[in-house]
Amino acid sequence: MSSHLPILLFLVPFFMGVSMPIVTAKRRHLCPGITLGTVAVMFVIALMNLRVVLTEGPIEYAFGGWTAPIGIAWLNDSIAAIVAATVSFVALLSIIYGRVVVTSDLEKSSHYYTLILVMTSGLVGLIFAADLFNVFVFLEVAALAGYALVGAAGGKALVFAFRYLLLGSLGGTLYLLGVGHLYVATGTLNMTDLAERLPALMTSTAVVGGLIYIFLGLSIKMALIPLHSWLPDAYANAPSAVAPFLASTVTKVALVAWVRIEYSLIAPTVEVGHVPVLVLLEELGIIAALIGGALALIQTDLKRMFAYGGISHIGLILIGVSLGNDTGFTGGMFYLVNDAIMQAALFMIAGAIFHHHKASTLDEIRGLGHSTSPLLTGALIVVAIAMVGLPPTGGFFGKWNIILGALEAKHHFAVFAVIASTLLTFGYFLKVFSSWFNQPQSVAGETIAVSGGLRLSLGVISFSIIALGFLSDFVVRFLLQSVRGGGA
Amino acid sequence: MIHPHDSVLVRTLGHIVIPIAQLFGIYVLVFGQYGPGGGFVGGVIIASSLIMAILVFGIDSADSVTARKILHADGLGLLIFAGVGGLCLIGGGQFLNYSFLNIPGLDEASQHYIGILLTQVGVAMDVAVTGVSIAVSLSFEEDEIAEDGGNNG
Amino acid sequence: MGELLHTLIQRPNFVVFVILFLWGIYIMAAHPNLVKKLIGLYIVQTSAIFFLVAFSAKDGATVPVILEGMAAVDPVGYANPLPHVLTVTAIVVQVATLGVSLALVSAIYRKFGSLDEDEILEQLK
C-alpha cells in the first residue's frame, strides 16, 4: 500500500475532478465542498507519503509491472515527496481562500472546480515523473488547465490567457523536440538510463541540441527571463480565487522538472565546447534574479509586482541548483518550497485587498493599513520578512544556503546577485509599506471584519512561513538524503 | 444554431455515409490490437462522423441526437481508463498492471487483451466527446454563457 | 559549405522540419489576427510531430506484433513502436490545445467583437 501512495495522490483529484460534472449535474452547490474534501484527502496522502519516504528512502514505482528502462517509472524520492506535500498544502489553503473571494458566476459552474482538480493532478504527475515523455504529458495537462483557469475571469483575462496559451504551447513543443533529439541519440527516455548513456555523448550535436531545446521549453514554462513575458499579465488578471494556486505552483513545478532532468545529466565538470554548462545556467539565473527584482521595483500594480518578485525568485533557485555542490542545491530546493508558500500568501493578500477594498495599485492602497483588518497587515508583514529573507523565516535559510554554496564554489558574482536581489525585494516592499501605512487625510476609525475562511487561510499560511524557518534544518537534511542517495 | 443542409442530396448521402464512418471508426478501434489504429484514431473517426451528422442535419434534428447526448458523457471515457487502472490497483498490482485484473474466468493473455481494449474504448469515447464539443462550442450562440463583465474577479 | 549542402540534400525530411518550424514561428509573431496566430502554433506543433515521424520511419518494416506460430523474431524487420506512441500522444495534445485555444478565441470574439490583436489591445487601454 505504501508504495502506491504517489499514484493515489494523482488519482484522487483526477477521479473527483473528471466525475464532478456528471455527479453534481443536479446538485451544483455540492461542488465547493467536494473540491475541499478532495484536496484535504490529497494533503493527508501527501503527508503519509512524506513519512514513507522518510523511513524507506526513494521508491521507484513501475507502471503496468514493467520496470524501467523498458517501462515507465515514477520516482518517489525526497524532492518529490516534499514538493508534493507543498503543492497539496498550497492547494488546500487556496481552495479555502478561494471560497471567500470567488465571483458568483465562477462558483456556479462545476467545470471551474474540475479544472482546479485536474490541474492539481497534472502537477502531481509532473512532480513524480521520472520519464522524459511523462513529464511532457503532465506538463501539457497542467498547462491546459492553467490556460483555461486564467481565462475564466472573462474580459481582459481572455486576451492574456490567449497569450499565455501561445507561449506555453510553444514551450511544450520545444520540450517535445528536445525529447525527440535525446531519444534519437540514446534510444531511451528514462532519466536514470539517460544519465548512464548521456555523458559519453556530450560531444554530439543532437544531444546538445536536445538539451538546449528541453531547457528552452522548460524556461518558457517556468518564466525565466527573457521568456517571462506571459507571466505578469496572466497572473495579474487571473481570477483572485485561483491566482494564489496558479502563481505558486506552475512555475515552481516546471523548475522541479528541469532539476530532475539536469541533476543526473549535467555534472559540474561537463563542458560543451569549453563552456561549463552549469556555470552558464547559473549566469542565466543571476540575470533573472537581478532583472526580475529591478522590474518589480518599478511596478505600480500590486499583483504585477508580486509576479515579478516570483520571477526573480525563480532566478535565485536556478542559481542555487546550478552551483554544483550539495549546499547550494539543497538551499535552492528549500527556497523553492518556501517561495511556493510565499507567493501563494502574497497573491492571497492581494486578492483579499481587492475583494474588501477594491484596491489594486499602490495609490489605491494608500493608508489602508489603518483601516483594514490587522490580519491582512500582519500577514503582509510576515510575508515581507520572509521574501526579504530575514530569520527566523524559511526565506532566510534558503538564501543562506545558496550564499554558502556560492562561496564554497567560489562564484562570488552569484553571492552579489543574491544580495542584490534581496535589496531589490526590500526596495519594493518598502514602497508597498510606505503606501500601506501612509497617514490618510481623514482617519477612519472602524476596521473591517474579515470572514472565517480568510482568517483561516491567511493565518495558517503565515504560520507555516515561520514554521518552515524552524523546520529548515530537518527539511534540508531530508533533501540531502535524495542528493547523496543517488538523486533524481 | 446550425441549420440542416439545404440540399436533399447531401442529406440522403449523409444517411448513408455517417453509419459507414461510425462502423469504420469502431473497426479501427478494435483493430488497434493487431495493427495501426487504436483508441485515438478510432475516436477521431467517430467524432468526425458525429460532427458530420450535426453539420448535415442541423443541431436540433432527430438524426443528430447521438451527438447532442454524447456531450453529457464528458469525462466518462477517462473514468473508464482510470477505472481499469484502478481495478488493477485493487487486484494487487501496480496501476495498469493488467496481470492483476481479476476478472473471473480469464487467463493472463486475455486479461491483458481485455484491459487494453477497455482502455482504448475509454480513450475513443473521450476523444469523440472532445471533438464534438469543440465543434458545438464554436457555433455562435448569442444567449449562451453569461459573460462576466469585470476583469479582476 | 559543400559539405553542409551535401548533408542537407541527404536529409530532406529534417530540412522540411526546420522550414516548417521557423515558418510557423514567423506566422505566430507577424500576423495580428488571432486565428492566424493559432494556425502558426498548429504548424509549429505539426513540425515537431513531423520530426518525430521522420526519424521513426523505417523502410520495409512491419507491425511489431507476434502472432501464433511465428518463428524467431529479428528486430530489423519490425518498426519501433515507441516514436509512434510519442507521435500519437503529441497529436492528441495538439488537438486538446486547439480546442482550448478556439474556445478562448470565440470568447474573445464575443467580448471584444474583433479578432485583430491591435484592435483588441486598443480596447484594453
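What percentage of the 153 residues of chain B count as buried? Of these 153 residues, 37% count as buried, where a residue is buried if 20 or more other C-beta atoms lie within 10 Å of its own, exposed if 12 or fewer, and partly exposed in between, with C-beta atoms placed from the backbone. In chain A, 61% of the 488 residues count as buried.

This is a predicted model, in which local features need pLDDT of at least 70 and side-chain atom pairs count only at pLDDT 80 or more, while totals for chains, interfaces and linings use all residues. Residues are numbered from 1 along each chain as its sequence is written, and chains are lettered from A and ligands numbered from 1 in the order in which they are written.

## The two chains as wholes

Chain A contains 20 helices and 4 strands; helices (H or I, at least four residues) and strands (E, at least two) are DSSP runs, numbered from the N terminus. Chain A has a radius of gyration of 22 Å, close to the 23 Å that the globule rule gives for 488 residues, so it is as compact as a globular protein of that length. The radius of gyration is taken over C-alpha atoms, and the globule rule is 2.2 Å times the number of residues to the power 0.38.

Chain B has 5 helices and 0 strands, and its pattern along the sequence is α-α-α-α-α. The radius of gyration of chain B is 19 Å, well over the 15 Å that the globule rule gives for 153 residues, so chain B is more spread out than a compact globule.

The table lists the extent of each C-alpha trace along its principal axes and the share of contacts, among those with a separation of 6 or more, made by residues 24 or more positions apart. Two residues are in contact if their C-beta atoms, placed from the backbone, lie within 7 Å.

| Chain | Extent along principal axes | Share of contacts 24 or more positions apart |
|---|---|---|
| Chain A | about 70 × 55 × 45 Å | 80% |
| Chain B | roughly 55 × 50 × 25 Å | 62% |

## Confidence in chain B

The mean pLDDT of chain B is 82, and 91% of its residues reach 70 or more; pLDDT is the predictor's confidence in each residue, from 0 to 100. Among the elements of chain B, helix H1(B) has the highest mean pLDDT (92) and helix H3 (residues 65-70) the lowest (82). Over residues 144-153 of chain B, pLDDT stays under 50, and the model has 26 contacts beyond four places in sequence for them. Where pLDDT is low, the predicted coordinates should not be read in detail.

## Helices

Helix H1 of chain B (residues 8-31) has 24 residues, which at 1.5 Å a residue should span 34 Å; its end C-alpha atoms are 35 Å apart, which agrees. The expected span is 1.5 Å times one less than the number of residues. H1(B) bends by about 30 degrees at B:Gly14, the bend being the angle between axes fitted to the seven residues ending there and the seven starting there. B:Gly14 is also buried, as are B:Ile18, B:Gly25, B:Val28 and B:Leu29. The cover over the buried residues of H1(B) includes helix H2 (39-57) and helix H5 (108-137) of chain B.

In chain A, helix H13 (residues 302-321) has 20 residues and an expected span of 28 Å, which agrees with the 29 Å between its end C-alpha atoms. Of the 20 residues of H13(A), 20 are buried.

Helix H6 (residues 132-151) of chain A holds A:Ala148. Why does A:Ala148 count as buried? A:Ala148 counts as buried because it has 20 C-beta neighbours inside 10 Å. Leaving aside residues up to four places away in sequence, A:Ala148 touches A:Leu115 and C:Val100.

## Strands and backbone geometry

Strands S1 (residues 59-62) and S2 of chain A pair in the antiparallel sense over 4 bridges; two strands pair if DSSP finds at least two bridges between them. A:Leu75 in S2(A) is the bridge partner of A:Glu60. Strand S2 (residues 73-76) is covered on both faces, with A:Ala73 and A:Leu75 buried on one side and A:Trp74 and A:Asn76 buried on the other.

Most residues other than glycine have a negative phi, and most peptide bonds are trans. The peptide bond from A:Ile225 to A:Pro226, however, is cis, with omega near 10 degrees, and that from A:Pro391 to A:Pro392 is cis, with omega near 5 degrees. Phi is positive at A:Lys410, near 60 degrees, and at B:Leu96, near 65 degrees. A:Lys410 counts as exposed, with 8 C-beta neighbours inside 10 Å, whereas B:Leu96 is buried, with 25 other C-beta atoms within 10 Å.
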